[in-house]
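Colleague: I have a model open and would like to learn how to read it. Can you take me through it feature by feature?

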Amino acid sequence: MRVAGPRRDWGRRLVVGLPFLWLALFFLVPLLMVGKISLSESRSAIPPYEPLFEFADGALVTVRASLANFILLFEDDLYVGAYFQSLTIAGLSTVICLLIGYPMALGIARARADRRGPLLLLVILPFWTSFLIRVYAWMGILKDEGLLNGLLLALGLIQEPLIILNTDWAVYIGIVYSYLPFMVLPLYASLEKLDPSLLEAAADLGAPPWRAFLAVTLPLSLPGIVAGSMLVFVPAVGEYVIPDLLGGGDTMMMGKALWDVFAQTRDWPAASALAVAMLAALALPMALFHHLQGRLEGDGRS
Amino acid sequence: MKRSAFLMSALAFGYAFLYAPIVLLVTWSFNESRVANIWGGFSTKWYGELWDNSEFLDAAWLSLQVAATSATAALGLGTLAALALVRFGRFHGRGLFSGLLAAPLVMPEVILGLALLLLFVALEDLIGWPDGRGFSTIVIAHTTVGLAYATVVIRSRLAQMDRSLEEAAMDLGARPVKVFLVITLPVIAPSLAAAWLLAFTLSLDDVVVASFVTGPGASTLPIEVFSAVRLGVSPQVNALGTLIVAVVAVIIVTGWWLAGRRAR
């Protein structure tokens, strides 16, 4: 029974309106401001950017929009390099996460039913502990006189310590380590739903296990693969802490470039332009993610 | 189903990879020696130093306050948002609403931090609020992120919920607010607890967004840890990490055990 009336209407407006207002004010408007300030010029004042519009006597006098910040980004090899390096590091890390995470998710999905819960819990648990401190632990493992080198030297596998910390290698390890749970969880969710009778049917028809995997398991876990890949790729592109702590001087990623421009150069318009460029790079994967999420929810309802 | 040796070794490798740094961190925290590779004997001296480190303690207290406040705000707003998405059917602006709720989940932290800072600076210029940046600006930023995550958790529980009890109560003449308080709320309570904990943890763990929107004098624990770690190895951070791991493990395992007992 639905009671339609002014009172109910008012309540509905409140339920939608409060979170809507919050997100508009503290999410949408700030993002629009980033776009606006990316078009304005930097100045040494507070706030450190020129106003885009100038008003006098209530009328708009000048509009000072310029693409100078974006032109600067494209002309500076540092930023172009950061752009491609971010995409490369995030992309390769996603693939490595998939290669490690897929067998893990499959292993958990095929474990005895009463063991799946604890196994899954063990994947989630590191995610709840401090991300920063786990990345810091890798500094102790990877540094020149760190644990890994000590172990390899003691075993006689290497004569000189490997230089891993402050190189791209350490960034890959850090990103794969930090985002692996985000890959395993959606993969597990789609693999767990897989009907085992399909695999039995494939086996009955004489398909060897690898063929059954390619023909049945892999295609049916595609939503999990895409969701997991997005959950790793998108945050990895904008990652700041991992390249800063584990990476070297030549590891330039967009998130780190943005912070450096913002904090050291204090050029807010240039930082905003970098943010816009980063969003542009992420627009396609984000749209894909949203589309897929919508489709999965559609499946769930039917 | 037969378990293949390949999958078993993949699992073993995966868990070793996930847990090696954590196990090492715990071991180092009890190491008398400052050098990680040399075992100087069992010692709790780093815990003592941590306890005497007033910067860490003050920052931890600020972080707990920020996390509790923002998680509570995110829970309230997230519950409303989830109700709107699951129960209101189509309404004007629904597409924009659900887009705004999903976007913070995939928004790079540096962009969110920069965007909110620009807003706060412009607002202060315009209306004089927020007067300087610190506790309140970090709470607002963390509420925005927490709200998006809380909505996902609560929304999925609401969508699964059996509605017949609610309908029965409505038929008996209960007002929507009463139905929500007496029937819906108790049913979705576990998801509310999970949502609050998630928002709380995210806030407690955030260094990037907080670094952007904080001002002088308001350093959260991750900000302090980050600056200590950038300067090099600090055994106190090992001790701090061990404490965090211990607390999280106790909470998660207890929660899982309680959920399992309820299910049975």
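Modeller: We will go from the fold of one chain to the interface, then to the salt bridges and one side chain. Keep in mind that this is a predicted model.

Colleague: Start with the fold. How many helices and strands does chain B have?

Modeller: Count the elements, then read their order. Chain B has 11 helices and zero strands. From the N terminus, the order is α-α-α-α-α-α-α-α-α-α-α. The C-alpha trace of chain B spans about 70 × 65 × 35 Å along its principal axes.

Colleague: What share of chain B is buried?

Modeller: Buried here means under 20% relative accessible area. Chain B has 264 residues, and 49% of them count as buried. Look at sequence separation as well. Take the contacts in chain B with a separation of 6 or more: 68% of them come from residues 24 or more positions apart.

Colleague: Which residues of chain B carry the annotation "transmembrane region"?

Modeller: Treat an annotation as a label from a record, then check the model under it. The unreviewed UniProt entry puts "transmembrane region" on residues 7–30, 59–86, 98–123, 135–158, 179–199 and 239–259 of chain B. Take two of these spans. Residues 59–86 of chain B are 100% helix and 0% strand, with end C-alpha atoms 39 Å apart. Residues 179–199 of chain B are also 100% helix and 0% strand, and their end C-alpha atoms lie 26 Å apart.

Colleague: And chain A? Which residues does UniProt list for "domain: ABC transmembrane type-1"?

Modeller: The unreviewed entry lists residues 83–289 of chain A under that name. In the model this span is 80% helix and 0% strand. The end C-alpha atoms of residues 83–289 of chain A are 21 Å apart.

Colleague: Now the interface. How many residues of chain B are in contact with chain A?

Modeller: Read an interface by its residues, its area and its chemistry. On the chain B side, 84 residues touch 89 residues of chain A. The two chains bury about 8300 Å² between them, and 81% of that is on carbon and sulfur atoms.

Colleague: What about polar contacts and salt bridges between the chains?

Modeller: Eight residue pairs are in polar contact between chain B and chain A, with both residues at pLDDT 80 or more. The rule finds one salt bridge across this interface. A:Asp244 and B:Arg230 form that bridge, at 2.9 Å from N to O. Helix α1 (residues 5–29) of chain B gives the most to the side of chain B that touches chain A, with 15 residues. By class, that side has 67 nonpolar, 10 polar and seven charged residues.

Colleague: How many salt bridges are there over all chains?

Modeller: The search finds seven over all chains. For each one, ask where the partners sit in the sequence. A:Lys256 and A:Asp244 pair at 3.2 Å, N to O. A:Lys256 is in helix α12 (residues 254–265) of chain A, and A:Asp244 is in helix α11 (residues 241–246) of chain A, 12 residues apart.

Colleague: Why does A:Lys256 count as buried?

Modeller: A:Lys256 counts as buried because its relative accessibility is 12%. A:Asp244 is buried too, with a relative accessible area of 14%.

Colleague: Is there a case within chain B?

Modeller: B:Arg87 and B:Glu166 form a salt bridge, with the closest N and O atoms 2.8 Å apart. B:Arg87 lies in helix α3 (residues 54–87) of chain B and B:Glu166 in helix α7 (residues 164–171) of chain B, so the pair ties together parts 79 residues apart in sequence. B:Arg87 and B:Glu166 are both buried.

Colleague: What does B:Arg163 pair with?

Modeller: B:Arg163 forms a salt bridge with B:Glu166, with the closest N and O atoms 3.3 Å apart. B:Arg163 counts as partly exposed, at 29% relative accessibility. B:Glu166 is buried, at 4%. Shared partners can also build a network: salt bridges join A:Asp244, A:Lys256, A:Asp260 and B:Arg230 into one.

Colleague: Last, a single side chain. Where does A:Phe127 lie?

Modeller: Place the residue, then list its contacts. A:Phe127 lies in helix α4 (residues 113–128) of chain A. At 23% relative accessibility, A:Phe127 counts as partly exposed. Beyond its neighbours within four places in sequence, A:Phe127 is in contact with A:Arg134, A:Phe182 and B:Leu198.

Technical notes:
Residues are numbered from 1 along each chain as its sequence is written. Chains are lettered from A and ligands numbered from 1 in the order in which they are written. Side-chain values use heavy atoms; hydrogens and water are left out. UniProt positions are given in the numbering used here, feature names are shortened, and annotations may be inferred rather than shown by experiment. Helices (H or I, at least four residues) and strands (E, at least two) are DSSP runs, numbered from the N terminus. Contact means heavy atoms within 4.5 Å. Buried area is the accessible area (1.4 Å probe) that two parts lose on being put together, summed over both. A salt bridge is a side-chain nitrogen of Lys or Arg within 4 Å of a carboxyl oxygen of Asp or Glu. A polar contact is a pair of N or O atoms within 3.5 Å; within protein, one must be able to donate a hydrogen and the other to accept it, and residues adjacent in sequence count only if both atoms are side-chain atoms. Ala, Val, Leu, Ile, Met, Phe, Trp, Tyr, Cys and Pro count as nonpolar, Asp, Glu, Lys and Arg as charged, and the others, Gly among them, as polar. Buried means under 20% relative accessible area, exposed over 50%, partly exposed in between (1.4 Å probe, protein chains only).
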